[in-house]
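These are notes for a colleague who is opening this entry for the first time. The points are numbered so that each can be checked against the model in turn.

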Amino acid sequence: MVIEGSRFASKAPLAAAQILRNARLIVGTHAFRLAALYFLVFAASVLGVLLFVYLTSADFVERQTEATLDAEITGLAEQYAQRGLSGLIQIVAARSAGDRGDAMIYLVTDPDGRPLAGNIAAWPAGVPTHSTWLSFALERTINGRHEVHPARGRLFVIPGGYRLLVGRDISDAAAFRSEVRTTLLWAGSIALGIGLIGGTVMSRNLLRRVEQVNRTSERVMAGNLSDRVPLRGTSDEFDQLAANLNRMLDQIERLMTAMREVTDDVAHDLRTPLSRLRTRLERALVAPSGADPPAGASQSEAIRAAIDEADRLLATFNALLSIAELESGARHDQTASIDLSEVARSAAELYEPVAEEKGFALTVAAEPGVRMRGDRHLLSQAISNLLDNALKYAGGGQIELRVFPKNGQAILEITDQGPGIPEADRHSVLDRFVRLEPSRTTPGNGLGLSLVRAIARRHDGSVTLEDNRPGLRVRLQFARLPT
Amino acid sequence: MKILVVEDDRETATYLTKGLSESGYTVDCASDGREALFLATSADYSAMVLDRMLPSMDGLSVLGALRAAEIRTPALILSALGSVDDRVKGLRAGGDDYLVKPFAFSELLARLEALLRRGAGPTTTTRLQVADLELDLLTRSVRRGGKAIEVLPREFRLLEYLMRNAGHVVTRTMLLEHVWDYHFDPQTNVIDVQISRLRQKIDKSFDHPLLHTVRGAGYCLRAPE
């Protein structure tokens, strides 16, 4: 029990410290400061408006009372001027008779202060007998209850020491004013409450979205590269930020994937030839310079073979690096406008003699002026790879290189009349190190078409393999530049 | 002729120094950027072979400093960085040629000698001649022994390049780069077939062949001895 208690006791300050830390964290955030500022400005404006309404309405009632009193005094003064003191007394008496419900107060007194007419019994206590505007308390008995009402009045001094007091019970106005005050206080409190809630909700909303970004980046840093910041579809600034971050993450993921693939490929497809190379060199080292099995290879021949092997390895390695570089999107300098027809013709010119020698007829049908944005070197390399492939696998017949525009696209096609590629393999053959020939007797590293695809993608284009009946048709498609 | 070799890898440096000395050049060797800059500014070299990645100051900065100081020694950049971008960067920094590691010594020698010739010979000539083979750069016509030979435009450029480097080895890569502006190696022997076609035209019906194949290196156009 003691242990429990002490544990409990030590927990409490810990929790308090936690809360304090959390509070400090929240206060330290931009969202909180924004919310606080929002609330302050909101409160100031609400209070300002309410104060203005209050002052204006109170003032209005007061001015109305004064205007009424003025008019009354003026009216009675006219009556006095026309009909003398007795006339005035008559009118006052008439007006005082009964309860007219307008809360008017009338009193006429003689020079000694004795009331002559009016609806109050005596000159109100403590009210001076000379100033023009008066505020006083009126004692009244209404329905048997004694009440003190605030009143406002005006004095009219009649020659000969007589005085006329016209006043008004302003308890209604005071009630109205206090009513207004209460209403405004309520309205203010509600508005401030709403403001406080709004500010809090706003700041929490803001915090939550920032928190989402934070959590996602933490998860990504922890190794979950495919995590993305959720979008709300509102296309506001936060959505834009999230979309940008997601694009950045896509890019990083692509880079990492490309990197991993290269490492895998190197491990997978370079290790074999490297160990073969090593074996060859070892054998050459052990063998005497004379003849030695297999096939009586001399030492220098073995070394030459090793050099060839090393060259092939280097070529494979270079191709892998080029593909990785192209796929990772690390270059952004292919903005030059180039003539695809010219690039194709130039490549065909280079390959025409070798094609003829191998028993092919290489023809070019390039419509002039098919332009696109791109890198001439890369596109030449892609075409060259495709021509290499056709020469290697088609066995003979016609190879046609065509360049033409179609629906705003620049299209380059290379067709042959060889065995083609079965439909099931047409997609996988674009992947790295995929060679359809199981024996792998034809020289090559299985990277040619991967490089073509990487080059096409780098130009935001595509590569498709189709049946040429008979043969293979490789089609590269790019966005065409208007001429 | 004096050649400056700038290379921090000792083995490659020895390999280069030995090979160039055997080919009849005097070779100085620098192993870092500062030393290279010092040597290149203090002595007169006919050409230099410059590694890109060097300690203390990288190759392109050395080159930039030299070019800013109006030192125009032809430079062959040697680098493990082989993309088109890297090549463009190297040439922009003031390099005259770019060779990607690993390289065959014959390739390096052929390129270096082409650089040396380019520095020496006048380039504003309008007529090239090797033995009885004549090339008119204005009319773009070819004659051998007074007989006109028909060549295609690209064959003309191939022949022009061979003739400008007459008597010296040019490699397949050099031809691809200078005649086709291709900076990659096609898998097919395209250059060999192009050359044999050209040979058909300029050598076939004549007694002395001019266009020779140098085994393991490339081609050479030279007058018969």
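1. A word on terms comes before the first helix pair. Helix axes are lines fitted to C-alpha atoms over the stretch in contact, and angles run from 0 to 180 degrees between N-to-C directions. Everything below refers to a predicted model.

2. With that in hand, take α6 and α7 of chain A. The axes of α6(A) and α7(A) come within 10 Å and cross at roughly 35°. This crossing of α6(A) and α7(A) is right-handed. On the α6(A) side the contact includes Leu340(A), Val343(A), Ala344(A) and Tyr351(A), and on the α7(A) side it includes Arg376(A), Leu379(A), Ile383(A) and Leu387(A). By class, the residues of the contact between α6(A) and α7(A) are eleven nonpolar, three polar and one charged.

3. The sheet to look at in chain A is open and has five strands, ordered β7-β9-β10-β12-β11, with mixed pairing. Its edges are β7 (360–366) and β11 (462–467) of chain A, each of which pairs on one side only. Neighbouring strands in this sheet are turned by 15° against each other on average, direction ignored.

4. Within that sheet, β10 (residues 409–415) and β12 (residues 472–479) of chain A run antiparallel and are joined by seven bridges. Leu412(A) can serve as a marker here: opposite it, in β12(A), stands Leu476(A).

5. Both helices of point 2 pack on this sheet. Helix α6(A), residues 340–357, touches β7, β9 (397–406) and β10 of chain A, and its direction makes about 170° with that of β7(A). Helix α7(A), residues 376–393, touches β7, β9, β10 and β12 of chain A; the angle between its direction and that of β10(A) is about 25°.

6. Turning to chain B, there are eight helices and twelve strands. Of the 225 residues in chain B, 35% are buried. Among contacts in chain B with a separation of 6 or more, 57% are between residues 24 or more positions apart.

7. Which strand of chain B is largely enclosed by the rest of the structure? The strand is β3(B), residues 47–51: five of its five residues are buried, so the rest of the structure largely encloses it. Ala47(B), Val49(B) and Asp51(B) are buried on one side, Met48(B) and Leu50(B) on the other, and both faces of β3(B) are thus covered.

8. The neighbours of β3(B) are worth following. Strand β1 (residues 2–6) of chain B runs parallel to β3(B) and is joined to it by four bridges; Val5(B) stands opposite Val49(B). Strand β4 (residues 75–79) of chain B also runs parallel to β3(B), again with four bridges, and Leu50(B) has Ile77(B) as its bridge partner in β4(B).

9. A helix pair in chain B is formed by α2 (residues 33–42) and α3 (residues 59–68), whose axes come within 9 Å and cross at roughly 25°. Angles under 35 degrees count as roughly parallel, and α2(B) and α3(B) are therefore roughly parallel to each other. Their crossing is right-handed. Gly33(B), Ala36(B), Leu37(B) and Ala40(B) of α2(B) meet residues of α3(B) including Gly59(B), Val62(B) and Ala65(B). The contact of α2(B) with α3(B) has six nonpolar, three polar and no charged residues.

10. Chain B also has an open sheet of four strands, in the order β6-β7-β8-β9, with antiparallel pairing. At its edges stand β6 (127–130) and β9 (147–149) of chain B; each has a single partner strand, so one side of each is left without a neighbour in the sheet. From one strand to the next the twist averages 25°.

11. In the same sheet, four bridges join the antiparallel strands β7 (residues 133–136) and β8 (residues 141–144) of chain B. Glu134(B) has Arg143(B) as its bridge partner in β8(B). Helix α6 (residues 153–164) of chain B packs on this sheet, touching β6, β7 and β8 of chain B, and its direction makes about 65° with that of β6(B).

12. Last, how many residues of chain B are in contact with chain A? There are 18 of them, in contact with 19 residues of chain A. Helices α4 (84–92) and α8 (190–203) of chain B each supply at least two residues of this side of chain B, and the largest share, four residues, comes from α8(B). The residues of the side of chain B that touches chain A are eight nonpolar, seven polar and three charged.

How values were computed: Residues numbered from 1 in each chain as written. Chains lettered and ligands numbered in written order. Predicted model: local features only at pLDDT ≥ 70, side-chain atom pairs only at ≥ 80, totals over all residues. Contact = placed C-beta atoms within 7 Å. Nonpolar A, V, L, I, M, F, W, Y, C, P; charged D, E, K, R; others polar. Pairing = 2+ DSSP bridges. Parallel < 35°, antiparallel > 145°, perpendicular 65-115°, else oblique. Left-handed = near helix turned anticlockwise from the far one by under 90°. Buried ≥ 20, exposed ≤ 12 C-beta atoms within 10 Å, placed from the backbone.
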